[in-house]
Amino acid sequence: MNKGQLIVFSGPSGVGKGTVLKEFLKNRENVALSVSATTRQPRPGEENGVHYYFLTKEDFLKKVEEGNMLEYAQYNQNYYGTPKDKVEEALEQGRDIILEIEVQGALLVKEKCPDALLVFVMPPSWQELRSRLVGRNTEDAVTIENRLTIARQELQQAVHYDYILVNDSVAEAAQRLEHIIEAGRCRITEMKDFIREVDQHA
Ligand code: ADP
Ligand code: 5GP
């Protein structure tokens, strides 16, 4: 059985990661989305265990200490991390799994899992990023400025990713993500077993 691909999906806050993923995941059963743990407060409408596992700082750090996180990072004064168990389960079952995580965590995953496919989402322009973040209306002005400051630093890290996905229109970005994942499946690192199998009968 083919193993699943570990797909890391990052990009500045407000660029539209959640929106593109939602569109992409429609009618796709063989791709899982990892549910992260965080110490930040839930936004209106966010449910525990669906959007995030909302934990206290103590509980979060306990999970880190117990070795239950694939990676974790601090972002704008809160902790965010990827629980290991679901990722391992999906990959073992041959399902792709997407981690929507920020850049520090993404680079940790790249170190631990060199075969991971790293996708960085960019806005069509800086102005558009700002207006999407403001337009979402989920953070106060200070938090928005903090997130934009972090975004400037994150853009510097985009060169470490495998692909850039420009989120101009949601439908087109979701379509391009499909193509990127398809291309990821054709990488030599993913095809070694297949090459060996054919070679055995050569
Ligand atoms: P992120 O998950 O990256 O923080 P969201 O998915 O919450 O970003 O999107 C931020 C805001 O931008 C939302 O209000 C969303 O509706 C809007 N948005 C997302 N993608 C697009 C797009 N391609 N064009 C216009 N607005 C978008
Ligand atoms: P938000 O507060 O907007 O939901 O997320 C803030 C940032 O944290 C986003 O860039 C998001 O991708 C990132 N993030 C979400 N979950 C994780 C995680 O498990 N690990 C890391 N490193 N970052 C995460």
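**Two ligands in the largest pocket**

A polar side-chain atom of S36 is placed 2.7 Å from an oxygen atom of ligand 2. This and every other value comes from a predicted model. A second contact to ligand 2 involves E100. An N or O atom in the E100 side chain lies 2.9 Å from an oxygen atom of the ligand. E102 contributes a contact to a nitrogen atom of ligand 2, and its polar side-chain atom is 2.7 Å away. The protein covers 96% of the accessible area of ligand 2, which on its own has 510 Å².

The shell around ligand 2 holds 16 residues. The closest are S36, R40, Y52, Y80 and E102. S36 and E102 thus appear both among the closest residues and in the contacts described above. By class, the shell has seven charged, five nonpolar and four polar residues. Two elements, β5 and β6, give two or more residues to this shell.

The loop between β5 and β6 contains N76. Q77 is placed in the loop between β5 and β6 as well. Neither residue is a glycine. Even so, N76 has a positive phi of about 45°, and Q77 has a positive phi of about 70°.

Ligand 1 is surrounded by 14 residues. G14, K17, T19, R136 and N167 are the closest. Backbone atoms take part in two of the contacts described here. A backbone N or O atom of G16 is 3.0 Å from an oxygen atom of ligand 1. For K17, a polar backbone atom lies 2.8 Å from an oxygen atom of the ligand. R136 uses its side chain instead: an N or O atom there is 2.7 Å from an oxygen atom of ligand 1. On its own, ligand 1 has 570 Å² of accessible area, and the protein covers 72% of this.

Which elements each supply at least two residues of the shell around ligand 1? They are α1, spanning residues 17-25, and α5, spanning residues 126-136. The largest share comes from α1, with three residues. K17 falls at the start of the α1 range, and R136 falls at the end of the α5 range. The shell around ligand 1 divides into seven polar, four charged and three nonpolar residues.

Where do the ligands sit? The space taken by ligand 1 is the largest pocket. Ligand 2 also takes space in the largest pocket. This pocket has a volume of about 1300 Å³. Its lining is made up of 41 residues. Nearest the centre of the pocket lie G18, R43, E46, Y52 and E100. Two of these residues have a link to ligand 2: Y52 is one of the closest residues to it, and E100 makes a side-chain contact with it.

Several elements give two or more residues to the pocket lining. The helices are α1, α5 and α6 (141-156). The strands are β2 (31-33), β5 (69-75) and β6 (78-83). Among the contributors, α1 gives the most, with six residues. The helix α1 therefore has the top share in two settings, the pocket lining and the shell around ligand 1. By class, the lining has 15 nonpolar, 13 polar and 13 charged residues.

Definitions and conventions. Residues are numbered from 1 along each chain as its sequence is written. Chains are lettered from A and ligands numbered from 1 in the order in which they are written. This is a predicted model: local features need pLDDT of at least 70, side-chain atom pairs count only at pLDDT 80 or more; totals for chains, interfaces and linings use all residues. Side-chain values use heavy atoms; hydrogens and water are left out. A residue is near a molecule or strand if one of its heavy atoms lies within 4 Å of it. A polar contact is a pair of N or O atoms within 3.5 Å; within protein, one must be able to donate a hydrogen and the other to accept it, and residues adjacent in sequence count only if both atoms are side-chain atoms. Accessible areas come from the Shrake-Rupley method with a 1.4 Å probe; for residues, only the protein chains shown count as cover. On a 1 Å grid over the protein atoms alone, a cavity is a set of points where a 1.4 Å probe fits but cannot get out, and a pocket is an open set with protein on both sides within 12 Å along at least five of seven lines; lining residues have an atom within 4 Å of a point. A molecule sits in a cavity or pocket if more than half of its atoms lie within 2 Å of its grid points. Helices (H or I, at least four residues) and strands (E, at least two) are DSSP runs, numbered from the N terminus. Ala, Val, Leu, Ile, Met, Phe, Trp, Tyr, Cys and Pro count as nonpolar, Asp, Glu, Lys and Arg as charged, and the others, Gly among them, as polar. Grid points are joined across faces, edges and corners, and a volume is the space filled by probe spheres set on the points.
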